[in-house]
Amino acid sequence: MDKFRLEEVIESGDLKEAIRIIEDVGEKLDHTFTPILLSYLATTDSALLRNVIAITLADLGDSEAVLPLIDLLRSPKTKGNRGTLLYALEFFDVSTHVVVLVDLLDDTFEASRQSYQLISTVQDKISEAQKELCRQMIRRKLGDHKNKYKRDFLLESLELFT
């Protein structure tokens, strides 16, 4: 597999071929592609390409993907397209980023549920100070929501930090 070929097809806009190459990288667990994948993960405006890259980085298991994925969760350009990014994070220890996950508990349905799932997997790895900060964040969110369903979900989420 050729990294230059991947760059060429991405730059030309041939998403079908780019996705084929990226999926092949994931199947072969070719870690030499990690830097280029991280670069395009951060710069692409294509949600489809970003999602394929995120899944491949999860398959590769390179922990250097965590921070770029977290940064994308904070980016307005991923609003409405965060579920796959959160799914990719399930393969890593995200306990130090739990505050970002709590912030997404009132995002879209998919993102909020994926965030909850991730939080539940790391809840016993986070410090008391982090738990208190998360409880405060959720309480503030509770004050913002009149929707019973969202309030109930946030109350359930609050229990993760007790």
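A salt bridge is taken here as a side-chain nitrogen of Lys or Arg within 4 Å of a carboxyl oxygen of Asp or Glu. In this predicted model, Arg-5, Glu-8, Glu-17 and Arg-20 are joined by such contacts into a network. A search of the whole structure yields 13 salt bridges, and three further pairs are described below.

Helix α2 (residues 15-28) contains both Asp-24 and Lys-28, which are four residues apart, about one turn of the helix. Their closest N and O atoms are 3.2 Å apart, forming a salt bridge. Asp-24 has a relative accessibility of 17% and therefore counts as buried, the cut-off being under 20%. Lys-28, by contrast, is exposed, with a relative accessible area of 53%.

Another pair within one helix occurs in α5 (residues 66-74), where Arg-74 and Asp-71 lie three residues apart, again about one turn of the helix. Their side chains meet in a salt bridge with an N to O distance of 4.0 Å. Arg-74 is exposed at 54% relative accessibility, whereas Asp-71, at 40%, is partly exposed.

The side chains of Asp-103 and Lys-141 also form a salt bridge, with N and O 3.2 Å apart. This pair links distant parts of the chain: Asp-103 belongs to helix α7 (residues 98-103) and Lys-141 to helix α9 (residues 128-144), with their positions 38 residues apart in numbering. Here the acidic partner, Asp-103, is partly exposed, with a relative accessible area of 42%. Lys-141 has a relative accessibility of 8% and so counts as buried.

How values were computed: Residues numbered from 1 in each chain as written. Predicted model: local features only at pLDDT ≥ 70, side-chain atom pairs only at ≥ 80, totals over all residues. Heavy atoms only, no water. Helix = DSSP H or I, 4+ residues; strand = E, 2+ residues; numbered from the N terminus. Buried < 20%, exposed > 50% of the residue type's maximum accessible area, 1.4 Å probe, protein only.
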